[in-house]
Each structure stands twice: as structure tokens, then as C-alpha cells.
Amino acid sequence: MENTSELVFVLQGLNASLTNRHAYFSFALVSYLLTIFINLTLIVVVWLEKSLHEPIYIFLCNLCFNGICGASSFYPKLLHDLLADSHVITYAGCLTQIFVVYSYVFVEFTSLTVMAFDRYLAICKPLQYHTVMTTQRVVQLLLLTWSFSLLETSVGVTLTARLPLCGRHIPKIFCTNWEVVKLSCSDTMVNNIYGFVLTFSHISQTVLIVVSYTHLVRASLRVHADRRKFIQTCLPHLVTLLVFTSSLMFDAMYSRYGGGGELQMVKNALAAEFLVVPPLINPIIYGINLHQIRSRILQNFSHKPKTQKPRPRQQEMIQN
């Protein structure tokens, strides 16, 4: 067992891609900057436009901010490692990355659940919507989303930090809780039980979202206006949920069955998909499909300064 304060993990995920490191670095840098730019653009547009100060758009800004946090937990370390000769991370740095990554995951799930609840009220109970979804309620839901998710992550990281470790090689390009737990040389039953509790908790959130969408589909089939509202606001939410859950499934499959060195770059892509694809795709999906956001973005980028018309006397002098 090594002293954890002096322990340094070796990330082995990039060992097979050293020959193309500059190409991967350029691609990763462009992806990271594009992710930051798109998410910040949507946040700024909603913040500046008072007509967009509605609960659904505030929740969307929260989703975009969380996407920036998730991308920032992954890209900076990856960009550094792509240009470095050794791919190492300290024990404290590894736990910090785990904390930020899993906080992003849990906030994403909880945010999607809150957004499903908001759409359920807006379409199935429109008369009660503004009574229930007040500004105070929106703030409470946002605080609950972050506090509950950070608490989940804190407990998980604390349980992992107490484990004595007998290894230091992680076969991925970033730290994950499961990979660190596998390095333990003591009993990990408590960690496994807590993992099952978290899994059950977020499966329950998924069930709530599915139930909400069952009611939403029924309501949208009855009224044409509700159908249009469903397509504009609920369909992007459903696509976002599918992209995020499928990305997490790829990472889970990699962690459990991704042993071996064949096709290492493919495995890296699958493992990091939930940190790369949702933060980049979410604002694009909502920005394209939501008319209010799309029109404001196009208006801001295509805005031309108005040319001041010459006064009558100035116009007469020009003609002369």
C-alpha cells in the first residue's frame, strides 16, 4: 500500500496515440473552444433578452453552465497530456477530477428531470403553471439540483478516498471512480452498495421523465397547440436525454468490458463521449429548435448598425 499523499497515477489511455498527438490536440482544442462558445452564447442571449426570462430558459442556461463544467473537467488535462511526454496525475488531482466529472453527471440527470417536470406543468396543467412555477420555485429547484448532486458526489468521493490503494495505473485518459476503486487492496463492498444506491436513484429519475413524457404525448395528441409546444420544447429535451444516457452507457461498457489494447482510440472516444457530445450538442439542439432563442441569436449575429439619415439641409448640400 502506497502513501496516498505521494501517490501519482499513470493514465495509460494515450499511449497508443502518441504519433498523432498534434492532430488530436488541434481537434480537442477546437472542440473545447466551440463547446465554451456555443454554451456561453446561449446563456448570454437568454440573459440579455428579457422575454426569455422564463423557467424553461433558465433551466436551459443551467444545463449549458453544467455542460461547460463537464467539458472543463476533461479537456484541459487532455490537452496538457497530448503535448506532454508523461501522462500522470496526482492523487488529489485525480479525486478532484472525479468530483467535478460526477457532479456534472448528477447535475445533468437532475436538471433533465426538473425540465421534464416544467414541461409537464406547461402542457398538461397550463392554468396552474405560473402559480406553481414561480421565481421562488425556480430558485429552489436550481438549489436542490446542485446541492443534491454535490452531496451525492461528495459521499462517493469520500468513500473512495478512504480506500488503501495497491496500484497506480489507470487504463483511461481521465480519472473515474470505478477505475480508482479497482486499484484498492481492501474490501470495496460499501462503495459497491453506494454505487447501486446511486444507480437506483437516477433510474428513478429516468422513470419520472418517462412518465412525464407519457402524459405529454397524450396531451399533445389532443390539442394542436400543445402538439406544436411539444415539438418545440419537449423534443429537444428528449433528444438531449437520449444523447446523455447513451453516452453514459458507452462509458459504463468501456469501464466494465474495455480491457485490452486493441482499438485504444475508439475506446477513448466511447469513454469520453458523455463529456464531449452532450455539452456540445445540447445548446445546438435547443438553439435550432426553439424559435425564440434561434431568432434572437440570428438577430444578434446579423445586426447591422443603423446609418443615420442626413438632415434635409445636409441632403441639400450633398445634392448641390
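Which residues in helix 1 meet which residues in helix 2? The legends below take up this contact and then turn to other parts of the predicted model.

**View 1. The contact of helix 1 with helix 2, residue by residue.** From helix 1, the residues Tyr-32, Thr-35, Ile-36, Asn-39, Leu-40, Leu-42, Ile-43 and Val-46 take part, and they meet Tyr-57, Leu-60, Cys-61, Cys-64, Phe-65, Ile-68, Ala-71 and Ser-72 in helix 2. Sorted by character, the residues of this contact comprise 13 nonpolar and three polar, with no charged residue among them. An α-helix has 3.6 residues a turn, so residues three or four places apart point the same way.

**View 2. The crossing of helix 1 and helix 2.** Two packed helices are described by the angle between their axes and the distance between the axes. Here the axes of helix 1, formed by residues 21-48, and helix 2, formed by residues 55-72, come within 9 Å and cross at roughly 160 degrees. Because angles over 145 degrees count as roughly antiparallel, helix 1 and helix 2 are therefore described as roughly antiparallel to each other. The crossing of these two helices is left-handed.

**View 3. Helix 2 and helix 4, each largely enclosed by the rest of the structure.** Helix 2 has 18 residues and reaches 26 Å from its first C-alpha to its last, close to the 26 Å expected at 1.5 Å a residue; 14 of its 18 residues are buried, so helix 2 is largely enclosed by the rest of the structure. Helix 4, covering residues 91-124, has 34 residues and reaches 49 Å between its first and last C-alpha, close to the expected 50 Å. In helix 4, 25 of the 34 residues are buried, so this helix too is largely enclosed.

**View 4. Leu-183, in the loop between helix 7 and helix 8.** The loop that holds Leu-183 lies between helix 7 (177-181) and helix 8 (189-222). With a relative accessible area of 15%, Leu-183 is buried, the cut-off for this class being under 20%. When residues up to four places away in sequence are not counted, Leu-183 touches Phe-9, Pro-164, Leu-165, Cys-166, Gly-167, Arg-168, His-169 and Ile-170. His-169 is 14 residues from Leu-183 along the chain, and their C-alpha atoms are separated by 8.2 Å.

**View 5. The protein chain as the setting for the close-ups.** The chain has twelve helices and three strands, and 46% of its 320 residues count as buried. Among the contacts in the protein chain with a separation of 6 or more, 80% are between residues 24 or more positions apart.

Methods. Residues numbered from 1 in each chain as written. Predicted model: local features only at pLDDT ≥ 70, side-chain atom pairs only at ≥ 80, totals over all residues. Heavy atoms only, no water. Axes fitted to C-alpha atoms, helices over the stretch in contact; angles between N-to-C directions. Helix = DSSP H or I, 4+ residues; strand = E, 2+ residues; numbered from the N terminus. Parallel < 35°, antiparallel > 145°, perpendicular 65-115°, else oblique. Left-handed = near helix turned anticlockwise from the far one by under 90°. Contact = heavy atoms within 4.5 Å. Nonpolar A, V, L, I, M, F, W, Y, C, P; charged D, E, K, R; others polar. Expected span 1.5 Å × (residues − 1). Buried < 20%, exposed > 50% of the residue type's maximum accessible area, 1.4 Å probe, protein only.
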